[in-house]
Amino acid sequence: MQLNPMLTFNGQCKAAFEFYQECFGGTMQTIMTWGESPMAAQIPAEMHDRIIHASLLVGPTSLLGSDAPPDRYESRRGCQ
């Protein structure tokens with residue numbers, strides 16, 4: 001079984017994926033902003049520079065991520 005983790009950010013997705021690429025190597029497959037998406041006209045302008053989809057291929061694993069809309073983002077809830 002192969003897992004492809006999906007990470008959600010609050011505006012830091014691009015910086016995080018650039019950092020992950022530096023640390024883990026791999027190939028950036030996709031990094032698309034909300035403003036580049038087909039839904040751009042329906043998205044508030046302040047969201048246009050945020051990431052709707054990022055994909056980093058590290059070996060056989062795809063690390064996926066996006067920036068959630070501010071009203072939909074939830075802080076992590078796990079062990080502290």
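A residue is called buried when its relative accessible area is under 20%. Keep that cut-off in mind as you go through these legends, which describe a predicted model.

**Figure 1. Tyr20, a buried ring in helix 1.** With a relative accessible area of 19%, Tyr20 is under the cut-off and therefore counts as buried. Which residues does Tyr20 touch, once those up to four places away in sequence are set aside? They are Leu7, Phe9, Gly25, Leu56 and Leu63. Tyr20 shares helix 1 with Phe17, and the two are 3 residues apart, about one turn of the helix.

**Figure 2. The whole protein, for orientation.** Before the next close-ups, here is the overall plan. The protein has 1 helix and 4 strands, and from the N terminus on they follow the order β-α-β-β-β. Along its principal axes, the C-alpha trace spans about 35 × 30 × 25 Å. Of the 80 residues in the protein, 28% are buried. The accessible surface comes to about 5,700 Å², and carbon and sulfur atoms hold 54% of that surface. Among contacts with a separation of 6 or more, 53% join residues that are 24 or more positions apart. As for charge, you can look for 5 positive and 8 negative side chains; the centres of these two sets lie 8 Å apart.

**Figure 3. The largest nonpolar core.** Which residues make up the largest nonpolar core? There are 9 of them: Phe9, Cys13, Ala16, Phe17, Tyr20, Ile51, Ala54, Leu56 and Leu63. Two elements each give two or more residues to this core, namely helix 1 (13–24) and strand 3 (51–58). Helix 1 gives the most, with 4 residues.

**Figure 4. Aromatic rings meeting edge-to-face.** A pair of aromatic rings is described by the distance of the centres and the angle of the planes. Searching the whole structure turns up 4 aromatic pairs. In one of them, Phe9 and Phe17 sit edge-to-face, 6.3 Å from centre to centre and with 80° between the planes. Phe9 and Phe17 are both buried. Why is the pair of Phe17 and Tyr20 edge-to-face? Their planes lie at 65°, and planes over 60 degrees apart count as edge-to-face, so the pair earns that name; the ring centres are 5.7 Å apart. Phe17 has a relative accessibility of 0%, so it counts as buried. If you widen the view, you will find one aromatic cluster formed by Phe9, Phe17, Phe19, Tyr20 and Phe24.

**Figure 5. Thr33 in strand 2.** Thr33 belongs to strand 2, which covers residues 27–33. Is Thr33 buried or exposed? Thr33 is buried, because its relative accessibility is 16%. Apart from its neighbours within four places in sequence, Thr33 contacts His48, Asp49, Arg50, Ile51 and Ile52.

**Figure 6. Ile52 in strand 3.** Ile52 lies in strand 3. A relative accessible area of 23% makes Ile52 partly exposed. Not counting residues up to four places away in sequence, Ile52 touches Met32, Thr33, Trp34, Ser37, Met39, Gly65 and Ser66. You can also trace from Ile52 to Ala68: they are 16 residues apart along the chain, and 7.7 Å separates their C-alpha atoms.

**Figure 7. Ser66 in strand 4.** Where is Ser66 found? Look in strand 4. Ser66 has a relative accessible area of 11%, so it is buried. Beyond its neighbours within four places in sequence, Ser66 is in contact with Met6, Leu7, Thr8, Phe9, Cys13, Ile51, Ile52 and His53. Phe9, Cys13 and Ile51 in that list may look familiar, as they are among the residues of the largest nonpolar core.

**Figure 8. Thr61, also in strand 4.** Thr61 is part of strand 4, which takes in residues 61–67. Thr61 is partly exposed, with a relative accessible area of 28%. With neighbours within four places in sequence left aside, the contacts of Thr61 are Gln2, Leu3, Asn4, Pro5 and Leu56. Thr61 and Gly26 are 35 residues apart along the chain, and their C-alpha atoms are separated by 9.5 Å.

Note on methods
Residues numbered from 1 in each chain as written. Predicted model: local features only at pLDDT ≥ 70, side-chain atom pairs only at ≥ 80, totals over all residues. Heavy atoms only, no water. Buried < 20%, exposed > 50% of the residue type's maximum accessible area, 1.4 Å probe, protein only. Contact = heavy atoms within 4.5 Å. Areas by Shrake-Rupley, 256 points an atom, 1.4 Å probe, with all protein chains shown as cover. Lys, Arg positive; Asp, Glu negative; His and termini not counted. Charge placed at Lys NZ, Arg CZ, Asp CG, Glu CD. Core = buried A, V, L, I, M, F, W, Y, C linked by side-chain atoms within 4.5 Å. Phe/Tyr/Trp six-rings, centres within 6.5 Å; stacked < 30°, edge-to-face > 60°.
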